Amino acid sequence: MPLSIAFDNSYSRLPNRFYERVRPEVAPSPGLLVLNTTLAADLGLDAEALASPDGVAALAGSEIPAGADPIALAYAGHQFGHFVPALGDGRAILLGEIVAPDGRRLDLQLKGSGRTAFSRRGDGKAAVGPVLREYLISEAMAAFGIPTTRSLAAVATGETVLRERPLPGAVLTRVASSHIRVGTFQYFAHRSDEDGVRRLADYAIDRLYPDIAGADAPYAMLYERVVQRQARLIALWLSVGFIHGVMNTDNMAISGETIDYGPCAFMDAYDPGMVLSSIDRQGRYAYGRQPQIAQWNLARLGECLLPLLSDDRDKAVQLVVDRLSGFASQFETAYFGQFLEKLGIAEERPGDRDLVTGLFSIMQMGRADFTLTFRRLADLVDPKADTEAFLSLFGGNAGVEPWLKLWRERLATGNRSPREIAAAMRAINPAIIPRNHQVEKALDAIIEGSDGAAYIRLLQAVTRPFEDRPEDADLAQPPRLEERVAATFCGT
Ligand code: AMP
Ligand code: MG
């Protein structure tokens with residue numbers, strides 16, 4: 001069935017220095033691995049056509065659908081604190097933009113379809129493991145209700161890519177409300193290309209924050225909005241135990257969506273210092289450092305915008321500092337709001353935050369499983385419920401019972417019934433997350449044994465994360481000692 005996509009490409013109407021036109025490479029023998037039919041329908045795309053040989057060829061980059069205008073975007077970025085003036089899409093190609101039936105304009109991007117002008121020493125390809133990992137984790141994040149890029153499809157290319165060892169190649173089709181990054185602004189600012197920064201800011205406002213287009217100080221408002229969205233995003237990450245792993249400025253989207261899933265992971269036992277990425281040797285991007293790092297990245301964005309904010313440099317700096325100093329309180333409001341809801345508290349009262357921090361300290365001491373702690377609390381709202389299963393998560397820590405008593409007393413003072421509270425808690429605390437050991441096991445089965453059953457099962461489970469399904473009970477469990485994964489690899 002012929003594939004027809006109504007592209008409307010606004011980014012490629014920007015000046016040439018924003019991107020390089022490029023042709024994806026032809027994949028020798030494309031085969032569909034996963035197709036997101038629900039997302040396809042939301043985008044107004046025909047899933048059957050996407051799954052047809054023509055559709056799969058397009059998803060592999062072998063055939064360019066009519067109306068596509070493939071480009072690789074230019075951007076710079078701070079990688080682990082070090083500035084790199086030219087990064088860009090080295091293994092990603094923006095096919096084009098579509099306008100979904102609900103009016104949203106979205107990028108369709110192929111990741112892993114070959115070299116571009118920005119590839120440097122890389123091959124522009126992606127191995128099947130990282131592709132399927134991004135697909136799974138981004139779709140789990142979407143199911144949690146966390147802003148994220150989405151995954152429309154993963155196809156095998158039939159080619160072998162060389163990493164530490166030869167691996168099967170694949171291409172991910174990523175959907176995003178735009179791929180503008182903090183690093184995109186840095187690219188132009190570093191070149192003292194003020195016109196480029198201004199055009200990019202205007203484009204970002206038009207596309208992502210159209211309501212501020214006519215405002216008196218649109219660039220200050222753009223900055224404020226990005227700060228707000230990032231504050232909320234990081235709070236949401238922390239609320240599910242998510243560790244991005246590579247929060248470089250080129251991996252932070254202006255839209256406020258989670259982007260560029262590499263060696264990311266969810267923690268099992270609660271530990272704010274947790275680092276899983278094998279490339280993060282200093283722990284720069286540890287779980288608990290993510291708010292600080294987001295603020296650091298946003299400061300870099302602020303620097304890029306200075307010339308747009310005021311002709312008076314001091315005034316411009318003050319504007320950035322003011323907006324940026326709002327980050328901490330916006331983050332804390334979102335963070336405690338989220339964790340209080342996880343504890344069944346819809347409206348905050350003085351002293352409530354101590355319940356959250358008190359729980360964290362006993363979780364840390366007892367190395368309690370993050371996800372199960374919150375999920376099981378919903379069973380204990382009823383004061384007569386048995387606490388044994390919950391206590392067992394903490395390895396016999398003595399502080400748990402006094403904390404439970406305080407928490408139950410607090411819940412009893414609200415005006416919702418225990419049943420209502422428990423239902424609200426089960427709607428915000430996932431039962432199933434993509435646990436590292438399960439992700440690795442499922443990917444191994446594909447890479448080593450060409451068996452995709454475990455992956456599909458895991459994908460189906462993590463995209464319905466708030467249900468307790470007895471048949472998926474094993475996927476809800478933390479790893480046994482011998483199953484623990486100590487590090488995650490990005491495998492680029
Ligand atoms: P990431 O790890 O996705 O944040 O990528 C960092 C930079 O390295 C970006 O500029 C990528 O385009 C580039 N890159 C990563 N992997 C490859 C690859 N296999 N080939 C070419 N460029 C790559
Ligand atoms: Mg990146």
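A residue counts as buried when its relative accessible area is under 20%. In this predicted model, Ser151 comes in at 1% relative accessibility, so it falls on the buried side of that cut-off. The residue sits in strand S9, which covers residues 150-162. Looking past the neighbours within four places in sequence, the contacts of Ser151 are Asn36, Leu39, Glu134, Tyr135, Ser138, Glu139, Leu172 and Thr173.

Zooming out for a moment, the domain assignment splits the protein chain into three pieces: domain 1 (11-179), domain 2 (196-202 + 210-336) and domain 3 (345-492). Domains 2 and 3 touch each other, with 24 residues of domain 2 in contact with 22 residues of domain 3. Taken over C-alpha atoms, the centres of domain 2 and domain 3 are 27 Å apart.

Next comes the ligand. Ligand 1 has a shell of 18 residues, and the closest of them are Gly88, Gly90, Arg91, Gly124 and Asn251. Sorted by class, that shell is made up of two nonpolar, eight polar and eight charged residues. Where does ligand 1 lie with respect to the domains? Both domain 1 (11-179) and domain 2 (196-202 + 210-336) give residues to the shell, so ligand 1 lies between these two domains.

Several polar atoms of the protein come up against oxygen atoms of ligand 1. From Arg91, a polar side-chain atom is found 2.5 Å from a ligand oxygen. Gly88 takes part through its backbone instead, with an N or O atom 2.7 Å from an oxygen atom of ligand 1. Asn251 uses its side chain, where an N or O atom is 3.0 Å from an oxygen of the ligand. As for cover, ligand 1 on its own has 480 Å² of accessible area, and the protein covers 87% of this.

Back on the chain, Asn9 belongs to the segment before strand S1 (19-21). Is this residue buried or exposed, at 11% relative accessibility? Asn9 counts as buried, because 11% is under the 20% cut-off. Its side chain makes polar contacts with two backbone atoms. One is the backbone oxygen of Gly67, reached at 3.0 Å. The other is the backbone nitrogen of Glu97, which lies 2.8 Å from a polar atom of the Asn9 side chain. With neighbours within four places in sequence set aside, Asn9 is in contact with Gly67, Ala68, Asp69, Gly96 and Glu97.

Val99 is part of strand S6, residues 92-99. Its relative accessibility is 43%, so Val99 counts as partly exposed, a label that goes to values between the 20% and 50% cut-offs. Apart from neighbours within four places in sequence, the contacts of Val99 are Arg104 and Arg105. Gly124, which is one of the closest residues to ligand 1, is 25 residues from Val99 along the chain, and the two C-alpha atoms are separated by 27 Å.

Over in domain 3 (345-492), Leu475 is placed in helix H17, residues 473-476. With a relative accessible area of 4%, Leu475 is buried. Its contacts, again without neighbours within four places in sequence, are Ile432, Arg435, Gln438, Arg457, Leu458 and Ala461. Ala389 is 86 residues away from Leu475 in sequence, and the C-alpha to C-alpha distance between them is 18 Å.

Finally, a look at backbone geometry. Most residues other than glycine have a negative phi. Which sign does phi have at Phe80? Phe80 has a positive phi, at about 50 degrees, although it is not a glycine. This residue is found in the loop between strand S4 (77-79) and strand S5 (82-84). Its relative accessibility of 25% makes Phe80 partly exposed. Ser450, also not a glycine, likewise shows a positive phi, here of about 55 degrees. Ser450 occupies the loop that joins helix H15 (436-449) and helix H16 (453-462). At 67% relative accessibility, Ser450 counts as exposed, because that label needs a value over 50%.

Conventions
Residues are numbered from 1 along each chain as its sequence is written. Chains are lettered from A and ligands numbered from 1 in the order in which they are written. This is a predicted model: local features need pLDDT of at least 70, side-chain atom pairs count only at pLDDT 80 or more; totals for chains, interfaces and linings use all residues. Side-chain values use heavy atoms; hydrogens and water are left out. Helices (H or I, at least four residues) and strands (E, at least two) are DSSP runs, numbered from the N terminus. Buried means under 20% relative accessible area, exposed over 50%, partly exposed in between (1.4 Å probe, protein chains only). Contact means heavy atoms within 4.5 Å. A residue is near a molecule or strand if one of its heavy atoms lies within 4 Å of it. A polar contact is a pair of N or O atoms within 3.5 Å; within protein, one must be able to donate a hydrogen and the other to accept it, and residues adjacent in sequence count only if both atoms are side-chain atoms. Accessible areas come from the Shrake-Rupley method with a 1.4 Å probe; for residues, only the protein chains shown count as cover. Ala, Val, Leu, Ile, Met, Phe, Trp, Tyr, Cys and Pro count as nonpolar, Asp, Glu, Lys and Arg as charged, and the others, Gly among them, as polar. Domain bounds come from an automatic or database domain assignment.
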